[in-house]
Amino acid sequence: MLNYDLVVVGGGPAGMAAALKAKECGVERIIILERAETLGGILEQCIHSGFGLTYFKEELSGPEYAARFIDMVEKTDIVVKCDTMVLDIDENNLVTAVNKKDGLLKIQAKAIVLAMGCRERPRGALEIAGTRCSGIMTAGTAQKYVNLDGYMPGKKVVILGSGDIGLIMARRMTLEGAEVKVVCELMPYSGGLNRNIVQCLNDYNIPLRLSTTVVETHGKDRLEGVTIAQVDDHLQPIESTKEYIECDTLMLSVGLIPENELTKNVGIAIDRVTNGAVVDEMRQTDHKGVFACGNVLHVHDLVDFVTMESQLAGQGAADYILGNAPAEAVYVNTTTGNGVRYLVPQRVNVKNPNDVKLYFRVGKIYKGAKVVLEIDGRIISSKKRPKLAPGEMENVIISAAELAKMDENSTITVRVEE
Amino acid sequence: MKRELTCVACPLGCSITVEYEGTEVLSVTGNTCKRGDEYARTEIVNPTRNIASTVKVVGGVHPVVPVKTSAPIPKTMIFDCMKEINNVCVNAPVSIGQVVIPNVLGTGVDIVATNID
């Protein structure tokens, strides 16, 4: 059995940032376990630019952003094991992993950072009628084919879902000579960033049809076409609006699911909205010494925020390992008010001496609405935002001074006021 | 003339209003930073974009390596630029920032690798 102070599960941007921060805080023995062949996670296939504007103050591509962290990890004595799959974490923080070289690995950890990221909702999660012909894949799978394998998966493309990966792939396929016929979005608004609608769809005259979905796929061996239809207010397809579109490829960009099998096996509480662990302000789960950060905790829009959140988790893990965490913990749950779908962290230790940032997403598009933070019934902040959208993560800050005034009976609520 | 734009300079995606006559920009409003102002002005006169793609690698780990334009190129040249990118092939090892195509189509912009291979 191996002994480490900190085991980090996942070597993407979250895992690397957490491990580096813990190292910086003085943790000695750290190991990163990564399932893929290299560190970097999903960034390796995100070759478009737009990464790092907040964190590095410059615009980088995904691989460039990852490379900066890979370089930093390589300059430390952090141990990295790639091609290594973590199979289990038990209640005593014993990690079981496997790879071709070492066989079965048992690693006893003082603390663990969960940074497994997320995966895409697959076709099976949507109820689309039709055969199981080839040519139907998630947008991320298509992105891997094109950007890492150098392989074009199709020529005439329909995309269902207007999340950022779908929009990015609409442009990528167009650049490589494919015809992207339409991007359909079930909701009356896009799930992607506005800039991506402009630079990925509008620039190439690719139509975006809102309140529209794919109801049937056609084709025997290879996809030959899809039937799309508009949906009513209850998101049900309207029969009279059905339309056949010829295509050989259907890409799905219909949401991301945090990959929390390991988390659930330990018995860690999961938030039903985020599908990630319930955590405190240092991203510690309800299982002592186990932290979670990045897309495994809640799906982020920007890697810069993943990095910053993971540094918090790395610091939290270091404090835990080195005995620097606040001796006393008094937890207050954060409550979602009108218009707020979820809040991370779900609970705050009011004995924490620092400001705490609460991240959240709204349920629909608001223009000129106010974001209100209420503590013990008092309005602490009320700020007007020009626009709030489900596709864009927002935040509010609780100052250290406010935290100091709170006790176990306190309440924290964030709501939207129109 | 008045045009409403969505800024693509950063993920905020500010709504910008530009007033202009011909190619002369009279006013830019709605932007929340300097980059937004610059974006709006170029968008009216000569819209430009960065592009990212891949080029073939011989002897590398992966069959392709990602590349990008070192600076934005005119929007009208995007597909010509893609043709150039699809015509080249590099030998491994490739390093980040390595120039794969210098001065593509005479734009003064290089095509550079964005990963190692």
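Reader: Which residue in β28(A) stands opposite L358(A)?

Author: V396(A) in β28(A) stands opposite L358(A). This is a predicted model, in which local features need pLDDT of at least 70, side-chain atom pairs count only at pLDDT 80 or more, and totals for chains, interfaces and linings use all residues. Residues are numbered from 1 along each chain as its sequence is written, chains are lettered from A and ligands numbered from 1 in the order in which they are written, and side-chain values use heavy atoms, with hydrogens and water left out.

Reader: How do you know that β23(A) and β28(A) pair?

Author: Strands are DSSP runs of E with at least two residues, numbered from the N terminus, and two of them pair if DSSP finds at least two bridges between them. β23 (residues 356-362) and β28 of chain A have five bridges, in the antiparallel sense, so they satisfy the rule for pairing.

Reader: What makes β21 and β28 of chain A edge strands?

Author: In the open, antiparallel sheet β21-β23-β28 (chain A), β21 (340-344) and β28 (394-398) each have a single partner strand, so one side of each is left without a neighbour in the sheet.

Reader: Why is Q284(A) called buried?

Author: Buried means under 20% relative accessible area, exposed over 50%, and partly exposed in between, with a 1.4 Å probe and protein chains only. Q284(A) has 12% relative accessibility and therefore counts as buried.

Reader: Which residues is Q284(A) in contact with, leaving aside its neighbours within four places in sequence?

Author: Contact means heavy atoms within 4.5 Å, and among the residues in contact with Q284(A) are V278(A), F291(A) and Y331(A).

Technical notes: Helix = DSSP H or I, 4+ residues; strand = E, 2+ residues; numbered from the N terminus.
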